[in-house]
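Hi everyone, thanks for coming. I'd like to walk you through a structure that may be new to you, so please have a look while I talk.

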Amino acid sequence: MQGNGGTLFKLDTAGKLTTLYTFPEGADGTSPRWHLLRNAGGVFYGVTQFGGNTTDCKVASAGCGVVFAVTSSAKERVLHTFGKTVNSGEEPSGGLLDKASNFYGVTVYGGSVNSSCTFGCGVVYRVSNSGKYSVLYRFTGGGDGALPSGSLTEDASGNIYGATDSGGSGNNGVIYELTR
């Protein structure tokens with residue numbers, strides 16, 4: 001059964017729209033956000049803001065979000081479901097894909113909980129192509145920033161750069177570098 005959880009589509013140069021995958025809502029994720037990333041084999045990677053786990057979310061009863069992969073034959077594979085582990089993050093955004101198809105991203109919530117961030121200050125994470133999840137950095141809401149969102153970029157040395165919505169000087173956010 002197809003739901004209203006969002007759609008991945010292709011638009012060719014002639015203006016023809018082709019549906020690649022429709023999210024059925026629930027465990028597969030809901031509300032795909034940000035840009036899709038594509039590896040050399042034609043597999044698309046991305047995140048949904050909601051869906052997945054709906055019982056352990058601090059903020060959204062609609063689910064904590066997922067990292068997914070969709071093949072060119074419209075087969076979806078959930079690589080990670082947020083909210084199942086303590087401080088793992090919630091409401092993912094952005095993304096970066098390395099040559100081995102490991103996905104890097106941020107979550108707006110989760111991670112360090114303190115008086116500045118009652119739902120957590122956010123994390124930078126990595127999900128391997130096989131689905132192994134690891135938190136690379138937990139924001140604290142101070143000088144390092146809080147509530148990261150948006151895209152990530154990588155330099156030639158493998159350092160990752162991104163931005164936070166708050167924290168830092170004047171609580172106006174920061175641009176950060178996460179070194180290898």
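Let's begin at the surface. This chain exposes about 8900 Å², and carbon and sulfur atoms supply 50% of that area. Please keep in mind that we are looking at a predicted model, so every value I mention is computed.

On the charged side chains, there are 13 positive and 13 negative ones, and the centres of the two sets lie 8 Å apart.

Now to the overall build. How many helices and how many strands does the chain have? The secondary structure comes to zero helices and 13 strands. If you trace the elements from the N terminus on, you read β thirteen times in a row. The radius of gyration is 16 Å, close to the 16 Å that the globule rule gives for 180 residues, so the chain is as compact as a globular protein of that length. Along the principal axes, the C-alpha trace spans about 50 × 40 × 30 Å.

What share of the 180 residues is buried? Buried residues make up 49% of them. As for contacts, take those between residues at least 6 apart in sequence: 40% of these join residues at least 24 apart.

A word on the aromatics. Searching the whole structure turns up nine aromatic pairs. You can also find one aromatic cluster formed by Phe82, Phe103, Tyr125 and Tyr133.

Next, a few single residues, beginning with two glycines. Glycine 83 sits in the loop between strand S6 (76–81) and strand S7 (90–97). Is glycine 83 buried or exposed? With a relative accessible area of 11%, glycine 83 is under the 20% cut-off and therefore counts as buried. Setting aside neighbours within four places in sequence, glycine 83 is in contact with Asn53, Asp56, Cys64, Ser88 and Gly89. Glycine 105 is 22 residues away along the chain, and the C-alpha atoms of glycine 83 and glycine 105 are separated by 15 Å.

The other glycine is number 158, in the loop between strand S11 (146–154) and strand S12 (160–166). Glycine 158 is buried too, at 8% relative accessibility. Along the chain, glycine 158 and aspartate 98 are 60 residues apart, yet their C-alpha atoms are separated by 9.3 Å.

Let's compare that with valine 113, which is placed in the loop between strand S8 (103–109) and strand S9 (123–127). Valine 113 counts as partly exposed, at 47% relative accessibility. Valine 113 and arginine 77 are 36 residues apart in sequence, and C-alpha to C-alpha they are 30 Å apart in space. Leaving out neighbours within four places in sequence, the contacts of valine 113 are Lys58, Thr118, Phe119 and Gly120.

Finally, some backbone angles. Which residue in strand S3 (residues 30–38) has a positive phi although it is not a glycine? That is tryptophan 34, with a phi of about 65°. Tryptophan 34 counts as partly exposed, at 46% relative accessibility. Alanine 74 also has a positive phi, near 65°, in a residue other than glycine. Alanine 74 lies in the loop between strand S5 (66–70) and S6, and with a relative accessible area of 32% this alanine is partly exposed.

That's my tour. Thank you for listening, and I'm happy to go back to any part of it.

Key: Residues numbered from 1 in each chain as written. Predicted model: local features only at pLDDT ≥ 70, side-chain atom pairs only at ≥ 80, totals over all residues. Heavy atoms only, no water. Helix = DSSP H or I, 4+ residues; strand = E, 2+ residues; numbered from the N terminus. Rg over C-alpha atoms; globule rule 2.2 N^0.38 Å. Buried < 20%, exposed > 50% of the residue type's maximum accessible area, 1.4 Å probe, protein only. Contact = heavy atoms within 4.5 Å. Areas by Shrake-Rupley, 256 points an atom, 1.4 Å probe, with all protein chains shown as cover. Lys, Arg positive; Asp, Glu negative; His and termini not counted. Charge placed at Lys NZ, Arg CZ, Asp CG, Glu CD. Phe/Tyr/Trp six-rings, centres within 6.5 Å; stacked < 30°, edge-to-face > 60°.
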